[in-house]
Amino acid sequence: MTNIIIAGAVGLILSMLGTPLAIRLLSRKNYGQQVREDGVQAHLGKKGTPTMGGIVFVLAALLAYGASHLAMWDPPTISGGLVLFLMTGLGLVGFLDDFIKIYKQRSLGLRSGAKALGQLIVGAVFAVLVTNFPDPYGITPAETRLSFLRDFGPSIGLIGFTIWVLIMIVGFSNAVNLTDGLDGLASGATATVLAAYVLIGNWQLRNNCIDQLGPNCYMVRDPLDLAVVAASVLGALIGFLWWNAPPAKIFMGDTGSLALGGVVAGLAICTRTQLLLIILAGLCVMITMSVIIQVGFFKMTGKRVFRMAPLQHHFELKGWAETTIVVRFWLIAALWAAVGMGLFYVEWMPK
């Protein structure tokens with residue numbers, strides 16, 4: 001538990017103090033946000049706001065994770081290292097996207113094919129590595145099976161598992177990216193998911209099958225360290241949110257949104273709660289579905305379901321204030337996370 005507290009506190013402090021430094025540095029270099037001319041007109045005033053702020057909380061999270069292990073004189077684990085690798089790798093793909101936008105002064109960065117290729121390469125490396133490195137009890141960071149509250153069903157094979165992991169990684173990194181459309185929205189929504197994984201990792205540690213074999217125990221490698229990873233990113237993200245809340249002084253950019261999508265997907269895979277993430281990150285799923293529905297319905301009928309997709313922009317065009325949308329969507333995100341945690345704990349309720 002001490003590891004978790006240290007990781008969260010260090011991440012918070014580093015991000016809280018580091019973000020204003022990043023704002024000044026990025027402003028001095030004119031690394032500002034590019035805004036689509038055909039988008040929401042109210043967003044044109046945000047043009048030039050420093051972007052790529054995800055660099056701050058990714059670095060803060062990595063340093064916080066290292067600090068927690070140094071403080072406890074405890075070596076990092078394979079599971080924690082792989083999840084941080086996934087976060088950092090996708091963050092680098094997002095960084096390239098952001099840098100091209102700034103360098104070429106346009107709202108589009110990497111071509112969609114190049115961006116997807118980068119996500120797939122990082123995801124494929126993670127998918128292969130995560131099924132290796134067994135601990136002394138033979139438990140690997142992930143099994144080639146699907147999971148909800150734990151693994152279930154037969155193995156789907158390494159190829160099938162790799163495809164499934166790639167779907168999760170690309171899907172959730174893009175889902176957080178789509179959610180990052182208003183000041184602080186993606187930061188607050190993802191924070192609720194990370195908080196859930198701090199609790200999940202801690203609970204799995206206390207009920208692991210090595211110490212107390214039982215019908216509801218968890219075969220998870222390094223549950224405590226996965227909670228430490230979640231706490232590191234959560235603390236860093238809260239520190240960043242202080243400056244990213246409306247009106248935002250800095251944006252996370254694709255650097256941050258892809259990294260956050262990667263870390264929550266990695267945590268879901270390594271805690272054996274893959275399908276539960278769909279509920280925990282319900283707001284991001286809703287927003288992604290709004291885009292799929294909008295595009296699909298328009299191609300079939302030539303008409304739109306929403307005034308604009310993703311969903312948050314629909315409410316902007318209906319006249320809702322940005323802060324109203326952000327706070328209400330935060331509440332929805334928290335409710336989805338609460339439902340997911342309720343499902344996670346329901347099997348432990350007295351019958």
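**Exercise 1. Find where Thr 77 sits and work out which residues surround it.**

Thr 77 is found in the loop between helix H2 (54-72) and H3; helices here are DSSP runs of H or I with at least four residues, strands are E runs of at least two, and both are numbered from the N terminus. A word on the model before going on: it is predicted, so local features need pLDDT of at least 70 and side-chain atom pairs pLDDT 80 or more, while totals for chains, interfaces and linings use all residues. Residues are numbered from 1 along each chain as its sequence is written, and side-chain values use heavy atoms, without hydrogens and water.

Step 1: leaving out residues up to four places away in sequence, Thr 77 touches Tyr 65, Asp 222 and Asp 225 (contact means heavy atoms within 4.5 Å).

Step 2: the side chains of Thr 77 and Asp 225 make a polar contact at 2.5 Å. That term covers a pair of N or O atoms within 3.5 Å; within protein, one must be able to donate a hydrogen and the other to accept it, and residues adjacent in sequence count only if both atoms are side-chain atoms.

Step 3: at the start of H3, a side-chain oxygen of Thr 77 comes to within 3.1 Å of the backbone nitrogen of Gly 80.

**Exercise 2. Compare the span of H3 with its expected span.**

Helix H3 covers residues 78-103, 26 residues in all. The expected span is 1.5 Å times one less than the number of residues. From first C-alpha to last, H3 reaches 37 Å, close to the expected 38 Å.

**Exercise 3. Trace the salt bridges and say which parts they tie together.**

Step 1: the whole structure holds five salt bridges, each a side-chain nitrogen of Lys or Arg within 4 Å of a carboxyl oxygen of Asp or Glu.

Step 2: Asp 254 pairs with Lys 115, with the closest N and O atoms 2.7 Å apart. Because Asp 254 lies in helix H8 (residues 253-270) and Lys 115 in helix H4 (residues 112-129), this pair ties together parts 139 residues apart in sequence. Both Asp 254 and Lys 115 are buried (under 20% relative accessible area; exposed is over 50% and partly exposed in between, with a 1.4 Å probe and protein chains only).

Step 3: Arg 272 forms a salt bridge with Asp 151 at 2.5 Å between the closest N and O atoms. Arg 272 is in the loop between H8 and helix H9 (276-280) and Asp 151 in strand S2, so parts 121 residues apart in sequence are tied together. Arg 272 and Asp 151 are both buried.

Step 4: shared partners join Asp 97, Lys 115 and Asp 254 into one salt-bridge network.
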